[in-house]
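Biologist: Hello! I am new to this structure and would love a close look at one part of it. Could you take me through the empty space inside, and then show me a few residues worth pausing at?

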Amino acid sequence: MPMNAIDPRGVGSPLVKGARSLLSRYSWEIMLLIILALTNALNFSISPYYKWGKLLDATNLFLDKGFLAMSMTLVILTGYIDISVASTVALSSVVMAVSYNAGAGVPMPLAMVICLLTGAACGAFNGLILVKFSELAPMIVTLATQIVYRGIALIILEDKAAGKFPSWYPNLGWGYAGVFPVMMAAFFILFIVFAFLLHKTNYGRTVYAVGKNKLACRFSGINVDRIIFTNFTLNGLMAAVTALFLTSRMGSTRPNVANAYEMDVIAMVVLGGVSTAGGKGRMGGVLISIFIVGLLRYGLGLININTQVLMMVVGGLLVLAVAIPEMRFGSLIRTRKPTVPASVKA
Amino acid sequence: MTSTPTSAPQRRPEILSRIRIGSFRELGLLLFIAALIIIVQMSNSAFLTPKNVSNLLTNTAIIAVLSVGMFVVILTGGIDLSIGANIAFTGMVVALHVAAAPTLHPLIAMLEGLAIGIILGAIVGALVAKVHVLPIIASLGMCYVFRGAVFLISGGKWVSAHQMPEGFKAIATGSTLWINNLVLIAVVVMLIAQYVLSSTRVGRRFYAVGSNADAARISGISGDRAVWLAYVVMGGLAGLAGVLWVAKFASAQPDTAIGYEVNIIAACVIGGVSINGGSGKVVGVLLGTMLIGIINNALPLISSVSEFSKSFIQGMIILGAVLLNTAVKRRGDWRALAARHI
């Protein structure tokens with residue numbers, strides 16, 4: 001191999017170099033932005049009801065899942081997965097509705113706190129099992145607790161619905177804080193918190209480290225169990241936040257709410273460029289992909305496409321998002337692998 | 001020869017403990033099942049009647065067929081969450097075909113289901129083995145794609161009992177050699193699996209790839225092909241189960257077998273199949289299947305259990321069995337380590 005082979009990335013002024021490295025560093029996010037633009041273009045072309053003015057309202061329909069996607073990002077970054085989140089949403093929502101309505105009833109703010117505590121408890125239970133039985137696969141444990149949590153919701157409420165919330169409560173899911181919907185404002189505040197937590201704090205760096213190599217972390221004195229437990233508890237807490245907004249939007253709750261939410265949430269996270277093997281991905285990508293999945297569902301919903309077919313699209317998108325970087329043309333977009341010249345091979 | 005008198009007493013307990021560790025997990029599960037049977041029988045004497053037992057066996061047969069497939073997939077270190085949708089898809093296609101052509105021979109219907117299932121499994125397998133998408137993501141995504149496809153081909157409608165010819169429904173209700181067809185199929189599938197997994201080259205490859213993919217590759221085993229094959233086997237068995245399911249319940253719906261994969265994975269994990277791949281036995285899977293089948297059959301029989309607490313109890317038993325299994329395995333490993341005389 002000739003020593004003076006020129007790396008194409010090394011050519012040009014510092015400005016060009018900087019732009020190039022930025023491009024290669026954030027190539028996934030840039031691709032996501034392009035997909036987001038394409039999604040919008042598709043939506044505008046298929047439905048006359050898809051208008052800029054309505055998009056702020058439309059965010060109310062999917063940003064509740066966005067809350068979950070943020071904490072799920074942390075869980076997946078450590079190489080774990082949580083399938084029980086949808087059931088956690090259902091259980092905390094049911095517990096809130098029942099504690100508000102039961103007997104004398106607790107005041108609504110307290111019921112909301114109970115909702116958050118329920119979610120956190122569910123997440124903490126997952127985390128506890130996974131920490132104490134570290135050889136168990138997170139998927140198995142959360143598959144089982146998924147049945148258990150929804151089972152508890154079923155025991156509490158049977159096949160009834162619970163609602164009759166105070167008149168101010170629907171504002172959480174439908175109201176506006178100034179120009180922005182309340183849910184959107186809450187989402188962006190929490191997003192900044194999570195992005196800061198992941199990218200600017202010690203804790204965030206540790207999450208990446210645990211995802212890359214758990215054993216090495218353990219040997220370098222990082223309390224891996226605490227990180228995993230905290231992540232799952234946070235995930236449960238965010239499931240409860242999702243429950244707060246979802247219940248407010250629907251006005252009442254049933255044990256079967258939020259069915260198959262985990263699918264959308266995992267799709268959002270994975271499409272956002274977070275590797276399910278752990279240790280790779282950024283909050284920004286997840287933010288864009290939340291809007292891609294959400295707006296796609298909203299747009300297709302406007303032209304009366306059946307839920308099952310919507311799921312089909314999301315499922316296909318999920319597989320594609322993971323498959324594309326693995327395919328040959330994907331490697332052109334992402335990183336240039338060092339190619340061995342033919343002379344060396346021979 | 002002179003050293004034999006001193007080494008013999010040392011070797012015996014080692015062999016004894018090895019035997020105990022080897023069979024202990026299946027024994028524990030067997031005792032658990034026996035206890036469960038006794039408890040259920042005590043609370044409702046209708047449990048161990050011939051009618052209910054045959055009902056239990058036919059219901060468990062479909063789980064057994066699926067568990068064998070899932071066992072092979074988990075053995076290679078993967079997981080398949082798409083089988084519920086696979087069952088629904090093959091069941092729907094075959095049901096529509098049978099409804100349109102009532103003279104179709106039941107055997108051909110079953111082969112058709114097998115073939116469609118194999119194709120679906122091959123798609124998931126190709127994503128996992130060739131494109132290297134993580135199994136959980138590939139199968140979760142394809143689960144929804146298949147489910148949507150069922151909806152598209154059926155238009156959301158059901159194929160119900162009166163549209164199906166008697167010959168087709170006889171797949172599940174009829175019997176061969178005095179044994180119900182479903183049970184017979186399940187037994188045959190189990191026996192083939194036992195033979196293939198323990199005594200053939202293909203079967204040992206699944207174990208090799210699952211326990212150490214790198215070592216398997218270095219010793220010349222194509223890991224990708226074995227993994228792909230595992231999903232093909234799973235798909236084929238899910239397709240077969242789809243036909244059996246539709247024949248048994250005499251209806252094909254877009255939401256057939258939704259969430260059913262949890263039962264199957266639970267049966268495997270309870271049966272001692274390591275979710276990390278590379279270990280597990282067909283006998284264990286059989287026992288795990290029996291446990292799940294008994295839970296499903298017995299819960300409605302116990303009058304004190306309301307319909308709504310069924311899924312909670314089911315989940316707790318799965319969780320409990322998984323945790324218990326892990327605890328027993330830890331103890332077994334600890335004993336094995338202690339017996340080593342390092």
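How many cavities of 30 Å³ or more does a search of the whole structure find?

Modeller: Happy to help! Please keep in mind that this is a predicted model. The search of the whole structure turns up 2 cavities of 30 Å³ or more. A word on the idea behind such a search: rolling a probe the size of a water molecule over the atoms shows where empty space is left.

Let us look at the largest cavity, which holds about 70 Å³ of space. Its lining draws on both chains: I140(A), L143(A) and A144(A) come from chain A, while V262(B), I265(B), A266(B), V269(B), I318(B) and V322(B) come from chain B. Three helices each supply at least two residues of this lining, namely α6 (138-157) of chain A and, in chain B, α11 (261-270) and α13 (310-338). The most is given by α11(B), with 4 residues. Sorted by class, the lining has 9 nonpolar residues, with no polar and no charged ones.

One of those lining residues, I265(B), leads us on to S67(B). The two are 198 residues apart in sequence, yet their C-alpha atoms are 7.3 Å apart in space. S67(B) sits in helix α2 (residues 50-75) of chain B. Its relative accessible area is 0%, so S67(B) counts as buried, the cut-off being under 20%. Setting aside residues up to four places away in sequence, S67(B) touches I264(B), A267(B), C268(B), V285(B) and T289(B). With T289(B) there is also a polar contact, made side chain to side chain at 3.4 Å.

Staying in chain B for a moment, have a look at A250(B), in the loop between α10 (223-249) and α11. A250(B) is not a glycine, but it has a positive phi of about 50 degrees. This alanine counts as buried because its relative accessibility is 14%, and buried means under 20%.

Chain A offers a counterpart in K164(A), another residue other than glycine with a positive phi, here near 55 degrees. K164(A) is placed in the loop between α6 and α7 (171-174) of chain A. Its relative accessible area is 72%, so K164(A) is exposed, as the cut-off for that word is over 50%.

Now for chain A as a whole. It has 16 helices and 2 strands, and buried residues make up 53% of its 346 residues. Among contacts between residues at least 6 apart in sequence, 78% join residues at least 24 apart.

Three buried residues of chain A give a closer view. D264(A) lies in helix α12 (residues 261-271) and is buried, with a relative accessible area of 1%. Leaving out neighbours within four places in sequence, D264(A) is in contact with K65(A), V293(A), R297(A) and V314(A).

Next is N43(A), in helix α2 (residues 27-46) of chain A, which counts as buried at 0% relative accessibility. Beyond its neighbours within four places in sequence, N43(A) is in contact with Y50(A), L295(A), L296(A), G299(A) and L300(A).

Y50(A) brings us to the third residue, Y298(A), which touches Y50(A), K54(A), L55(A), A58(A) and L61(A), again not counting residues up to four places away in sequence. Y298(A) is found in helix α13 (residues 283-302) of chain A, and its relative accessible area of 14% makes it buried. From Y298(A) to G315(A) the gap is 17 residues in sequence and 16 Å in space, C-alpha to C-alpha.

Finally, a few words on confidence. The average pLDDT of chain A is 83, and 90% of the residues score at least 70. Within chain A, confidence is highest in helix α11 (residues 224-250), at a mean of 94, and lowest in helix α16 (residues 342-345), at 44. Over residues 329-346 of chain A, pLDDT stays under 50, and the model has 14 contacts beyond four places in sequence for that stretch.

If you would like a place to start in the viewer, try the largest cavity and its lining residues, among them I265(B), and then step across to S67(B), 7.3 Å away from I265(B), C-alpha to C-alpha.

Technical notes: Residues numbered from 1 in each chain as written. Chains lettered and ligands numbered in written order. Predicted model: local features only at pLDDT ≥ 70, side-chain atom pairs only at ≥ 80, totals over all residues. Heavy atoms only, no water. Buried < 20%, exposed > 50% of the residue type's maximum accessible area, 1.4 Å probe, protein only. Contact = heavy atoms within 4.5 Å. Polar contact = N/O pair within 3.5 Å; in protein donor to acceptor, adjacent residues only side chain to side chain. 1 Å grid on protein atoms, 1.4 Å probe; cavity = no way out; pocket = protein on both sides within 12 Å on 5 of 7 lines; lining within 4 Å. Points joined across faces, edges and corners; volume = space filled by probe spheres on them. Nonpolar A, V, L, I, M, F, W, Y, C, P; charged D, E, K, R; others polar. pLDDT = per-residue confidence, 0-100.
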